[in-house]
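Grab a pencil and work through these exercises with the structure open beside you. Try each task before you read its solution.

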Amino acid sequence: QTPSRGSLFEATSFLMLSLATMGALALRAGPLVSRGASTRLSALQMSTFATFKTSKGDIKAELMMDKLPITCSNFADLAKTGFYDGLTFHRVIQGFMCQFGCPHSKDPKSPRAGTGGPEPGSTYTTPDGTTITRTGGNIPDELIEPISNEVGTLSMANTGMPNSGGSQIFINTKHNAFLDYFDPSTPSKHPVFGKVVDGMDVLLAIEKVPTGPGDKPIDPVTVNTIEISED
């Protein structure tokens, strides 16, 4: 699950491509609404935030739950269940992005960092009550909103194959339009599902850390936990 300048890859460790490769929910209110439906409607109308509590400081992002409920709910569920606790940014490229979310990165020296994902067959629920199964540890692609990979956006990493996203994400530190699923100039398809609203200085500090082979930070940057909140 390691991103490269031409395409972002999960399930392979440190795949590098050359620079040459770069180049809503309709809600109908009837006269009777069940308690469960009312609760789900309220959830959809609220803003959802994710606060990354990192060893460099806090980064707060708003999740686009109303636009990409499958992708956002997957991320929020993993955060709430502690999946991300103690993981490190396993790949950092200045002027490109910071990647995070592989369970093997809990050991920052692991050669498997960048290859892992959620437990195959695990499930989570979207705000409308739909249960999603992570088949093979992966979630369905949600290529439905033309939101570009701009600076500060959270985007899903994948292997380059359809429906291959899981737990790994990256935060763009440059406008990487070539990663947009709606950009016909490259095969990359990485849906944006959130945007940093506070702590960009922390993200840029992470982006500038010295790195070694495979773009791994020499001194690990740890995400102690990710707090999910609604407002």
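**Exercise 1. Finding a bridge partner**

Which residue in strand 11 is the bridge partner of methionine 156?

Solution. Keep in mind that you're looking at a predicted model.
- Step 1: Find strand 10, residues 153–156, which pairs with strand 11 in the antiparallel sense over 3 bridges.
- Step 2: Go across from methionine 156, and you land on isoleucine 169 in strand 11.
- Step 3: Now look at strand 12, which is joined to strand 10 by 3 bridges and also runs antiparallel to it. Here leucine 154 has glycine 194 as its bridge partner.

**Exercise 2. Putting the sheet in order**

In what order do the 9 strands of the open sheet stand, and which strands are at its edges?

Solution.
- Step 1: Get the overall count: the chain has 3 helices and 13 strands.
- Step 2: Trace the sheet from one end to the other. The order is 5-13-3-4-12-10-11-7-6, with antiparallel pairing.
- Step 3: Check the ends of that list. Strand 5 (87–88) and strand 6 each have a single partner strand, so each has one side left without a neighbour in the sheet.
- Step 4: Zoom in on strand 3 and strand 4. They form a hairpin with 2 residues between them, and 7 bridges join the two antiparallel strands. In this pairing, phenylalanine 49 stands opposite glutamate 62 of strand 4.
- Step 5: Move on to strand 12, which is joined to strand 4 by 4 bridges, again antiparallel. Alanine 61 faces valine 196 of strand 12 there.

What holds such neighbours together? Strands of a sheet pair through backbone hydrogen bonds, either parallel or antiparallel.

**Exercise 3. One side of a helix**

Which residues of helix 3 are buried, and why do they count as being on the same side?

Solution.
- Step 1: Pick out the buried residues in helix 3 (residues 200–207): Val202, Leu203, Ile206 and Glu207.
- Step 2: Look along the axis. These residues cover an arc of only 145° around it, which puts them on the same side of helix 3.
- Step 3: Recall the general rule: an α-helix has 3.6 residues a turn, so residues three or four places apart point the same way.
- Step 4: See what lies over the buried residues of helix 3. The cover includes strand 3 (48–54), strand 4 (57–63), strand 6, strand 7 and strand 11.

**Exercise 4. Sorting out the rings**

How many aromatic pairs does a search of the whole structure find, and is the pair of phenylalanine 96 and phenylalanine 178 stacked or edge-to-face?

Solution.
- Step 1: Start with the total: 9 aromatic pairs turn up in the whole structure.
- Step 2: Try phenylalanine 83 and tyrosine 84. Their centres are 5.5 Å apart with 85° between the planes, an edge-to-face pair. Tyrosine 84 has 1% relative accessibility, so it counts as buried.
- Step 3: Now for phenylalanine 96 and phenylalanine 178. Their ring centres are 6.3 Å apart and the planes are at 15°, so this pair is stacked.
- Step 4: Ask where the two sit. Phenylalanine 96 is in the loop between strand 6 (91–93) and strand 7 (97–100), while phenylalanine 178 is in the loop between strand 11 (169–172) and strand 12 (192–198), so the pair ties together parts that are 82 residues apart in sequence. Both of these phenylalanines are buried.
- Step 5: Look for a bigger group. Phe52, Phe75, Phe83, Tyr84, Phe89, Phe100 and Phe193 make up one aromatic cluster.
- Step 6: Add a charge. Lysine 60 has its charged end over the ring of phenylalanine 49, 4.6 Å from the ring's centre.

**Exercise 5. Two valines**

Are valine 92 and valine 223 buried or exposed?

Solution.
- Step 1: Locate valine 92 in strand 6. At 2% relative accessibility it falls under the 20% cut-off, so valine 92 counts as buried.
- Step 2: List its contacts beyond four places in sequence; among those of valine 92 are Met97, Ile206 and Val209. The C-alpha atoms of valine 92 and valine 209 are 8.0 Å apart, with their positions 117 residues apart along the chain.
- Step 3: Find valine 223 in strand 13 (residues 222–230). Its relative accessibility is 0%, so valine 223 is buried.
- Step 4: Check its contacts, again beyond four places away: valine 223 touches residues including Phe52, Thr54, Tyr84 and Phe100. From valine 223 to threonine 54 it's 4.2 Å, C-alpha to C-alpha, though they are 169 residues apart in sequence.
- Step 5: Step back to the whole chain: 47% of its 231 residues count as buried.

Terms used: Residues numbered from 1 in each chain as written. Predicted model: local features only at pLDDT ≥ 70, side-chain atom pairs only at ≥ 80, totals over all residues. Heavy atoms only, no water. Phe/Tyr/Trp six-rings, centres within 6.5 Å; stacked < 30°, edge-to-face > 60°. Buried < 20%, exposed > 50% of the residue type's maximum accessible area, 1.4 Å probe, protein only. Lys NZ or Arg CZ within 6 Å of the ring centre and 35° of its normal. Contact = heavy atoms within 4.5 Å. Arc of directions from axis to C-beta. Pairing = 2+ DSSP bridges.
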